[in-house]
Amino acid sequence: MKFASLLTTISLAASAFAVYVTSADGTKIWAEATGDPDKPAVVFIPGFSCSSLAFSKQWSDPYMTSNLYMVRYDVRGQGISDQPLANTSYVSKPFAEDFKAVIDYFDIGGKRPILAGWSMGGVTAADIATYYGTGLIRGVVLLGSFPHRNMHSQVATQWILNFIPRLLDYSLAKFGPTAKEFAESCVAFGDQLDQTTKYSWMGAVAGQNPDVRLWSIPHTQNETALMNARLTLPYLVLHGKLDKHVDGVKLRAYMDKWFGNFVFRLWDNVGHASFWDAPEDANKEIVAFARRLRRGWAILSDSPDGLIFSPDVDGTSDAPPSS
Ligand SMILES: *[C@@H]1O[C@H](CO)[C@@H](O)[C@H](O)[C@H]1NC(C)=O
Ligand SMILES: *[C@@H]1O[C@H](CO)[C@@H](O)[C@H](O)[C@H]1NC(C)=O
């Protein structure tokens, strides 16, 4: 009997639970949680026009579900979340409110989740910083991403700058090939992307109202609050050398210049979806990052000076880890 209930608990812990969460303005946001609720919480946010199903290699990995409590949601206007038909629904504040509504629903605000954002998903940290303060999150994982919207032009590749007008084209005749090329451009070797994934990613792009695509791109935000925390807010950057959308060398230079507490990985043979192309390495890094931050200290392992510590803003830090 006792054994049976233990088994039930274990299987419950690893089974995913999906809901629609209502955001402050009434928009319904599709969200799903899996993993162990007693472990550090990580909230995954997909990139522009994509669905959070892209994190399937995190969801299916027992190493992730046993070491983390993972939450993912479809950004407003994307996937199967609502697509309000008003340009004012796609500015900084509602993006921050959606994150808040999701963490409140899953009751993880108190433990200060880590935000893991793919591409445009990563800039949500700047929305949160403006409307709730950086104390709402414990750290940020950038997955083929960048810290805020207004610096995108400093790290964008020429390829994506040329491609964006095609993504915003209203012609249905042109859109099929665009959606396919967009899906393929997200990974290091697009011609090897399996069909199921390719059609899933194309479907997410195709299901979006073209007005919503147009309104979502500016993501009008003020990065001041995020930049005020840039020396202490811990970042883990997982980037591919074959990223067609964001130049990893330029991103590294930007982080070196402005940010003070980050670990940066730039991987060979990895494209824009670093967590898809290198899931084992990415998952190992994300769990290690979450474990370090749980102790209340962020470690800059890339720093030539060795370790730099930042006290946890909620004041619960104890001694830094000894090794
Ligand atoms: C929304 O559209 C209106 C009318 O075109 C425009 O005046 C306003 O500046 C737009 N707002 C945003 C946030 O883009
Ligand atoms: C951004 O926010 C800061 C701090 O609140 C403010 O001083 C600044 O004027 C804002 N910038 C813009 C462009 O609104």
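**Exercise 1. The span of helix H8**

What should the 14 residues of helix H8 (residues 172–185) span at 1.5 Å a residue, and how far apart are its end C-alpha atoms?

Solution. The model is predicted. The expected span is 1.5 Å times one less than the number of residues. For H8 this rule gives 20 Å, and the end C-alpha atoms are 20 Å apart, so expectation and model agree.

Next, consider which residues of H8 are covered. Ala-179, Phe-182 and Ala-183 are its buried residues. They pack against helix H7 (158–167) and helix H9 (195–206). In general, an α-helix has 3.6 residues a turn, so residues three or four places apart point the same way.

**Exercise 2. Two phenylalanines**

Classify Phe-175 and Phe-289 by burial, and describe the surroundings of each.

Solution. Step one: locate the residues. Phe-175 lies in helix H8, whereas Phe-289 belongs to helix H14 (residues 279–294).

Step two: apply the cut-offs. A residue is buried if 20 or more other C-beta atoms lie within 10 Å of its own, exposed if 12 or fewer, and partly exposed in between. Phe-175 has 18 C-beta neighbours inside 10 Å and is therefore partly exposed. Phe-289 has 25 such neighbours inside 10 Å and therefore counts as buried.

Step three: list the contacts. Beyond four places in sequence, Phe-175 is in contact with Asp-169 and Ala-206. With residues up to four places away again left out, Phe-289 touches Gly-139, Val-141 and Leu-236.

Step four: set sequence against space. Phe-175 and Val-205 are 30 residues apart in sequence, with their C-alpha atoms 9.5 Å apart. For Phe-289 and Gly-139, the separation is 150 residues in sequence and 8.8 Å from C-alpha to C-alpha. For the protein chain as a whole, 75% of the contacts between residues at least 6 apart in sequence join residues at least 24 apart.

**Exercise 3. The pairing of strand E2**

Determine the strands with which E2 (residues 28–35) pairs, and trace the bridge partners of Glu-32.

Solution. Begin with strand E1 (residues 17–22), which runs antiparallel to E2 and is joined to it by six bridges. Within this pair, Ala-18 stands opposite Glu-32. E1 and E2 form a hairpin with five residues between the strands, and Gly-26 there has a positive phi near 95 degrees.

Turn next to strand E4 (residues 69–73), which is also antiparallel to E2 and is joined to it by five bridges. Here Arg-72 is the bridge partner of Glu-32. Finally, assess the burial of E2: seven of its eight residues are buried.

**Exercise 4. Strand E5 and its neighbours**

Establish how E5 (residues 114–118) is paired and how its residues are directed.

Solution. First, the pairing. Strand E3 (residues 41–45) is parallel to E5 and joined to it by four bridges; Ile-45 has Gly-117 as its bridge partner. Strand E6 (residues 139–143) also pairs with E5 in the parallel sense, over five bridges. In that pairing Gly-117 stands opposite Leu-142.

Second, the directions. In a regular strand the side chains alternate between the two faces of the sheet. In E5, Ile-114, Ala-116 and Trp-118 point one way, while Leu-115 and Gly-117 point the other way. Five of the five residues of E5 are buried.

**Exercise 5. The nonpolar core and helix H5**

Identify the residues with the most contacts inside the largest nonpolar core, then examine helix H5 (residues 124–132).

Solution. The largest nonpolar core has 77 residues, and those with the most contacts inside it are Val-42, Val-43, Val-71, Val-102, Ala-116, Ala-125 and Val-141. Helix H4 (residues 92–105) gives the largest share of this core, six residues. Leaving out residues up to four places away, Val-141 touches Ile-114, Ala-116, Leu-236, Leu-238, Ile-286 and Phe-289.

Ala-125 is one of the buried residues of H5. Seven of the nine residues of H5 are buried, and their cover includes E3, H4, E5, E6 and helix H11 (224–228). Gly-133 follows H5 and has a positive phi near 90 degrees.

**Exercise 6. The shell of ligand 1**

Name the residues around ligand 1 and sort them by character.

Solution. Asn-87, Thr-88, Val-91 and Thr-220 surround ligand 1. By character, the shell has one nonpolar residue, three polar residues and no charged ones.

Methods
Residues are numbered from 1 along each chain as its sequence is written. Chains are lettered from A and ligands numbered from 1 in the order in which they are written. This is a predicted model: local features need pLDDT of at least 70, side-chain atom pairs count only at pLDDT 80 or more; totals for chains, interfaces and linings use all residues. Helices (H or I, at least four residues) and strands (E, at least two) are DSSP runs, numbered from the N terminus. Two residues are in contact if their C-beta atoms, placed from the backbone, lie within 7 Å. A residue is near a molecule or strand if its C-beta atom, placed from the backbone, lies within 6 Å of it. Ala, Val, Leu, Ile, Met, Phe, Trp, Tyr, Cys and Pro count as nonpolar, Asp, Glu, Lys and Arg as charged, and the others, Gly among them, as polar. Two strands pair if DSSP finds at least two bridges between them. A nonpolar core is a set of buried Ala, Val, Leu, Ile, Met, Phe, Trp, Tyr and Cys residues joined through C-beta atoms within 7 Å.
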